[in-house]
Amino acid sequence: MQLPVSLRDRIAGSDRPLFGGWVCSGSPVMAEIMAGSGLDWLLIDMEHGPVGLGEVQGMLQAAAAYPVTTVVRVPANDAVWIKQVLDLGAQTIMVPMVSTAAEAEAAVAHASYPPRGHRGVGNALARSGRWNRIDDYLQDAVAHTAVIVQIETAEGVENAQAIAAVDGVDGVFVGPSDLAASMGLIGQQTHPDVVAAVRRAFEGARAAGTPVGVNAFDPAAARGYADAGARFVLVGADVSLVARGSERLAETFIREADETRRTSY
């Protein structure tokens, strides 16, 4: 029995940037719809969505039938959350709000078995090791899992190279929304100063030899970041697609519908 490839390995095997979508709704049906869309990867989001452990497992199972790589963003850089999400069978986790190399080291330790870290051993009881059907899961755990850390602050941008150089960090993902907020530009993800900061983070990560990604719902911004070296990009979300699509229906059929143009995430 083989486990799905991690995002780290999917990136390494691709000669182009990988484009993905968020699943924020908590719905395994929505996860399956997104998984079958042709996108390269999905981010199941526990940080900002109504997503608990049961929902994560259901969404991972729903997506497993499709050739898409799944990533789970944990709510925080926390040993318990990371252990539980990995035991649910996530091959790749994303850890939010990492601003220093020490915080990146903590994330790697949370995701690693001893002696490298302190992840609790429960694979025989969990989906991670397919209930003890994956031979040598414990010994080969590094090959089975990947850790992506998320830079979302001005401090993180300045520390990007040190963060990316931490042993066990498999990728760096830049979040322009919180980065803009930390710069006093909340809601202005495509402000020139924010874009410049994102690109500085790219330069730091790439100097360390670590793949870098970014969130960019604006198509022009997404393409610009891909051209600047982003190897994995999030370009939409299930809830946003439904919200904007339903608004277009209302605009088409109801004269009094709200025609406000809302900013991209």
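Setting aside neighbours within four places in sequence, G20 makes contact with L39, W41, V233, L234, V235 and G236. In this predicted model, G20 belongs to strand β1. Because its relative accessible area is 0%, well within the under 20% that defines a buried residue, G20 counts as buried. The strand around G20 tells a similar story: β1, spanning residues 18–23, is mostly covered, with five of its six residues buried.

The contacts of G20 can be read alongside the pairing of β1. Strand β8 (residues 232–237) runs parallel to β1, and four bridges link the two; within β8, L234 is the bridge partner of G20. Strand β2 (residues 41–45) is likewise parallel to β1 and is joined to β1 by four bridges, with W41 of β2 standing opposite G20. Both bridge partners, L234 and W41, also appear among the contacts of G20. A residue outside this neighbourhood is A181, which lies 161 residues from G20 in sequence and 24 Å away in space, taken from C-alpha to C-alpha.

Turning to the nonpolar interior, the largest core comprises 56 residues, and I93 and F202 have the most contacts inside it. Helix α10 (residues 192–207) is the element that gives the most to this core, supplying six residues. For F202, again leaving aside neighbours within four places in sequence, the contacts are V174, V212, G213, V214, Y225, A228 and A230. A second core, separate from that one, holds 15 residues, including L7, M94, I148 and F173. As general background, nonpolar side chains in soluble globular proteins tend to be buried together.

Helix α5 (residues 101–111) offers a further view of buried packing. Its buried residues are A104, A107, V108, A109, H110 and A111. These buried residues pack against two helices, α4 (79–87) and α8 (160–164), and against two strands, β4 (92–95) and β5 (146–151).

Not every nonpolar side chain is covered, and helix α12 (residues 238–253) provides an example in F253. F253 has a relative accessibility of 67%, so this residue counts as exposed, the cut-off being over 50%. On the surface, F253 joins L249 and I254 in a nonpolar patch, and together the three residues have about 360 Å² of accessible area. The contrast with G20 is a handy one to keep in mind when viewing the model: G20 in β1 is buried, whereas F253 in α12 is exposed.

How values were computed. Residues numbered from 1 in each chain as written. Predicted model: local features only at pLDDT ≥ 70, side-chain atom pairs only at ≥ 80, totals over all residues. Heavy atoms only, no water. Core = buried A, V, L, I, M, F, W, Y, C linked by side-chain atoms within 4.5 Å. Buried < 20%, exposed > 50% of the residue type's maximum accessible area, 1.4 Å probe, protein only. Contact = heavy atoms within 4.5 Å. Patch = residues over 30% accessible without salt bridge, like charges linked within 9 Å, V, L, I, M, F, W, Y side chains within 5 Å. Areas by Shrake-Rupley, 256 points an atom, 1.4 Å probe, with all protein chains shown as cover. Salt bridge = Lys/Arg side-chain N within 4 Å of Asp/Glu carboxyl O. Pairing = 2+ DSSP bridges.
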